[in-house]
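Q: I would like to learn how to read the features of a protein model step by step. Could we begin with the spaces in it and then turn to single residues and their partners?

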Amino acid sequence: MIKPDPVTILHPVTVNIQKEYKRLAEIYEVRWHNYLEATHKLATGMLEPDNSDFILDASAGTGLLAEMIRRQAACHLILTDISDEMLEIARYRLAGDPHIRIEKMDVHALELPHAHFTKLVCLNSFHFYAEPRKVLGEFFRVLKKSGRLVMVDWCRNPWHFRLFDCAMRITRRPHVRSYTTSEMRQLLEASGFSVTDIRRWSHGFWSLMNIMAVKK
């Protein structure tokens, strides 16, 4: 008897995010052009891609970051995201590149081997994750020892962004929460990472933080 493939049961928040990005996929890069340019440039610089790298781009969206990485290095890349519509754009953008693999995957349960990647990047996505500790556990699992984790995300340190974060949750937008720099440090260290750099910056209204950590 042939057993059916296991069905992935998504968290309700993740389902809402899928719906949101189904609606936004076609206009995503146009609407957020300046914000994406700033955050993607910073993340690429922090990542320092090398030809020998195996990099996981978690919640990779339309593949914009992967395209920037491949301009700098002939590394191997795996892109994952939960949105079919965003990944369809990524597949079109990166078509024909033999060093890139694109998979629909829930970041809470990555169907990827242990200790496989030299670097992992998570850009503009962590505030969406329903179970952040579980996600960081997956990041830790798939990274090699001394592997680098690069994150850029919203930062809840300033008062105006605390109000914004609260408003997003009250209005039930597809958003879990943003974190302060100290909260992110605690989450990462509790997951086995050593934080080598964490700093806050701003892009217009947006309060952001960039984080670099390594797997102990």
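A: A pocket here is an open set of grid points with protein on both sides within 12 Å along at least five of seven lines, and its volume is the space filled by probe spheres set on those points. Please keep in mind throughout that this is a predicted model. With that idea in hand, the second largest pocket comes to about 170 Å³.

Q: Which residues line the second largest pocket, and which helix gives the most to its lining?

A: The lining is made by Glu29, His33, Leu36, Glu37, His40, Lys41, Leu64, Glu67, Met68 and Arg71. Helices H3 and H4 each supply at least two of the lining residues, and H3 gives the most, with five. Sorted by character, the lining of this second largest pocket holds three nonpolar, two polar and five charged residues.

Q: How much space lies in the largest pocket, and which residues lie nearest its centre?

A: The largest pocket holds about 760 Å³ of space. Its lining counts 40 residues, and those nearest the centre are Tyr21, Tyr28, Asn124, His127 and Phe128. Among the elements that supply at least two lining residues each are H1 (12-24), H2 (28-31), H3 (33-47), H4 (64-72) and H7 (159-170), and the largest share, six residues, comes from H1. By character, the lining of the largest pocket divides into 22 nonpolar, 11 polar and seven charged residues.

Q: Tyr28 was named as one of the residues nearest the centre of that pocket; is Tyr28 buried or exposed?

A: The cut-off needed here is that a residue counts as buried when its relative accessible area is under 20%. Tyr28, which has its place in helix H2, counts as buried because its relative accessibility is 15%. Leaving aside neighbours within four places in sequence, Tyr28 is in contact with Tyr21, Leu36, Thr62 and Met86. Tyr28 and Gly61 are 33 residues apart in sequence, while their C-alpha atoms are 9.4 Å apart in space.

Q: What should I look for in the backbone angle phi of Asn124?

A: The general idea is that most residues other than glycine have a negative phi. Asn124 has a positive value, with phi near 55°; this residue is found in the loop between E4 and H6 and is buried, with a relative accessible area of 9%. Ser146 also is not a glycine and has a positive phi, of about 70°. Ser146 is found in strand E5, and at 54% relative accessibility it counts as exposed.

Q: How many salt bridges does the structure hold, and which residues does Glu48 or Lys119 pair with?

A: A salt bridge asks for a side-chain nitrogen of Lys or Arg within 4 Å of a carboxyl oxygen of Asp or Glu, and the structure holds 15 of them. In one of these, Glu48 pairs with Arg148, the closest N and O atoms being 3.0 Å apart. That pair links distant parts of the chain, with Glu48 in the loop between H3 and E1 and Arg148 in strand E5, 100 residues apart. The side chains of Lys119 and Asp53 also meet in a salt bridge, at 2.9 Å from N to O. Because Lys119 lies in strand E4 and Asp53 in the loop between H3 and E1, this pair ties together parts that are 66 residues apart in sequence. Lys119 counts as buried at 10% relative accessibility, and Asp53 is buried with a relative accessible area of 5%.

Q: What is the case of Asp57, a charged residue that is buried?

A: Asp57, found in strand E1, has no salt bridge although it is buried, and the nearest side chain of opposite charge, that of Arg93, is 9.6 Å away. Beyond its neighbours within four places in sequence, Asp57 is in contact with Leu65, Ala66, Ile78, Leu79, Thr80 and Val121.

Q: Finally, which residues of helix H6 are buried, and what covers them?

A: In general, an α-helix has 3.6 residues a turn, so residues three or four places apart point the same way. In H6 (residues 132-142), the buried residues are Pro132, Val135, Leu136, Glu138, Phe139, Arg141 and Val142. What covers them includes E1, E4, E5, helix H8, E6 and E7.

Terms used:
Residues are numbered from 1 along each chain as its sequence is written. This is a predicted model: local features need pLDDT of at least 70, side-chain atom pairs count only at pLDDT 80 or more; totals for chains, interfaces and linings use all residues. Side-chain values use heavy atoms; hydrogens and water are left out. On a 1 Å grid over the protein atoms alone, a cavity is a set of points where a 1.4 Å probe fits but cannot get out, and a pocket is an open set with protein on both sides within 12 Å along at least five of seven lines; lining residues have an atom within 4 Å of a point. Helices (H or I, at least four residues) and strands (E, at least two) are DSSP runs, numbered from the N terminus. Ala, Val, Leu, Ile, Met, Phe, Trp, Tyr, Cys and Pro count as nonpolar, Asp, Glu, Lys and Arg as charged, and the others, Gly among them, as polar. Buried means under 20% relative accessible area, exposed over 50%, partly exposed in between (1.4 Å probe, protein chains only). Lys and Arg count as positive and Asp and Glu as negative; His and the chain ends are not counted. Contact means heavy atoms within 4.5 Å.
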